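Hello,

I am passing on the structure that we spoke about, and below it you will find what was found when its helices, its sheet and its chain contacts were examined. Please read it with the model open beside you.

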Amino acid sequence: MREEENQIIFIFVVSAAFVVLLAILLVLFLVIYQKRIVTQENRLQKLENEKQQSLLKATIEGQERERKRLAKDLHDSIGSLLSGLSFNLKFQKNLKNQDQQQLVFLEEACKLVDEGIENIRIVSHNLIPSTLENFGLVSAIKECIVPLIQTNNLEINIQTSEEFPPLPLEISLGILRVFQELVQNTIKHAYASKIEVLLICTPDTISLEYTDNGKGFHINDIDLYGIGIKNMQSRIQALHGTFFIDSKVKKGFRAYLEVPIILKEDTHGQTH
Amino acid sequence: MTLVYIALFFPLLPAILSIIKWKSMDTPQRWFAILLWSIVIISFSGRLWTIQTQESNLPFFYIYILIEYLILLHFFRILLKIKNSSWLFLTVGFTITWCINICTGKGWWAFPDYIHALEAIIIITLVILWFIKMLKEKTIAQPYKTFEFWICAGLLIFFSGNFLLFVFPKFILNTGNEVFLAIWKVNNILNILLYSIYTIALLCVKRRIR
């Protein structure tokens with residue numbers, strides 16, 4: 001081959017090699033750049049999630065604080081007022097020289113005021129269940145189902161782990177609220193006759209499995225039951241837990257939640 | 001000559017792999033598998049034709065270019081969600097240019113020049129568009145684990161490396177057959193590289209979860 005031809009071959013081969021090298025470098029750059037921006041994006045997403053999580057937690061804590069204040073106000077102010085009124089009415093009733101009509105009226109008034117006192121006691125107790133703080137989650141759950149069994153003709157079976165370690169109040173209150181919401185949903189929508197609850201506690205997690213034998217619903221119609229379910233999800237999400245529901249028409253309803261037990265040094269009073 | 005045969009037989013590797021992976025493939029991947037088998041069939045037919053008739057197999061090269069272009073365009077149409085009007089324009093426009101190329105001058109028997117360069121420009125543009133899409137969407141954290149990334153990387157390297165050869169084939173041919181054959185070795189090496197990358201791409205095809 002002539003010198004000129006060799007030069008042409010050389011130029012073509014070198015040019016092609018150079019372009020290939022550039023293409024390879026471009027591809028490598030893309031891989032590294034893409035990895036970097038996706039990692040950055042994930043980090044931002046994680047920060048955003050953490051922010052959302054703390055907002056959610058603060059909202060739930062605010063709700064609980066407000067419930068507590070409301071319960072205290074009801075008990076201490078209106079409850080005390082009604083107790084005073086009841087005392088006065090009973091005193092008035094026991095006075096001598098009263099006609100029959102007045103006596104009937106006072107008796108009726110006493111009865112109504114006592115009913116009011118009892119109702120306020122129940123409402124304030126529901127707002128902040130003292131049993132939870134004093135005796136723990138299992139007792140609080142068992143306590144809150146007693147009136148439901150009596151008034152709704154429901155059979156509720158609760159099975160729990162034999163050993164139940166102390167839980168942070170935050171976790172037990174969250175689970176109790178979700179349980180109350182689930183029972184309310186069953187009563188309002190499911191027309192069930194039986195509820196089964198399985199509460200398992202391990203050293204690391206606490207799980208609750210809830211099933212009813214109600215009419216069930218198509219899982220795509222979940223929006224109809226939206227707010228309650230979203231509230232439950234938010235509560236469990238705030239506790240870094242997982243929450244699943246499953247239902248089929250005429251096949252009842254099932255919910256499962258699992259929350260990691262993160263023992264903090266300051267748990268604001270532990271439950272047993 | 002050995003290099004020519006290696007380059008001829010190399011597409012068989014990804015083509016066979018595409019049969020093994022067929023069940024796990026999605027629609028664009030299956031189109032790609034069809035492309036691989038079309039390439040194998042055309043390449044071997046061209047070689048057999050030359051052996052049988054001792055004539056040039058350039059007509060097969062024209063068919064190869066058209067089929068490669070149309071299937072790759074369809075592949076990118078799915079990947080990039082190209083509008084029907086743009087896809088139609090690129091398909092009809094290229095096919096008309098292809099027809100003009102074979103109906104003018106020496107036709108089938110001349111080495112394809114601008115038609116191959118046009119194909120390279122369009123494919124490189126589509127590849128760059130896919131890379132831009134990947135960077136914009138930020139959904140692929142590890143691109144080197146995806147089928148699409150390897151296909152695009154292979155096409156970019158192959159078409160950019162061969163670009164000078166596709167743009168100036170007449171000039172190279174005019175300098176003499178020996179020069180052309182020497183430079184054509186670059187094409188063979190890039191072909192081997194391309195089908196090796198296609199093989200890697202096919203190895204990235206994962207079983208779909210139903």
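When the directions of two helices are compared, an angle over 145 degrees counts as roughly antiparallel. Please keep in mind that this is a predicted model.

In chain A, the axes of helix H1 (residues 3–93) and helix H2 (residues 100–127) come within 9 Å and cross at roughly 165 degrees, and H1(A) and H2(A) are therefore roughly antiparallel to each other. The crossing in which H1(A) passes H2(A) is left-handed, and the residues of this contact comprise 16 nonpolar, seven polar and six charged.

Chain A also has an open sheet of five strands in the order E1-E3-E4-E6-E5, with mixed pairing. Strand E1 (155–160) and strand E5 (242–247) of chain A are at the edges, where each has a single partner strand, so one side of each is left without a neighbour in the sheet. E1(A) runs parallel to strand E3 (residues 194–201) of chain A and is joined to that strand by six bridges, with A:Thr160 standing opposite A:Leu199 in E3(A). Helix H4 (residues 137–152) of chain A lies across E1 and E3 of chain A, at about 170 degrees to E1(A).

As for the two chains together, 23 residues of chain B are in contact with 20 residues of chain A. Among the elements that give two or more residues to the chain B side are helix H6 (114–137) and helix H10 (177–203) of chain B, and that side has 16 nonpolar, five polar and two charged residues.

Best wishes

Methods
Residues numbered from 1 in each chain as written. Chains lettered and ligands numbered in written order. Predicted model: local features only at pLDDT ≥ 70, side-chain atom pairs only at ≥ 80, totals over all residues. Axes fitted to C-alpha atoms, helices over the stretch in contact; angles between N-to-C directions. Helix = DSSP H or I, 4+ residues; strand = E, 2+ residues; numbered from the N terminus. Parallel < 35°, antiparallel > 145°, perpendicular 65-115°, else oblique. Left-handed = near helix turned anticlockwise from the far one by under 90°. Nonpolar A, V, L, I, M, F, W, Y, C, P; charged D, E, K, R; others polar. Contact = placed C-beta atoms within 7 Å. Pairing = 2+ DSSP bridges.
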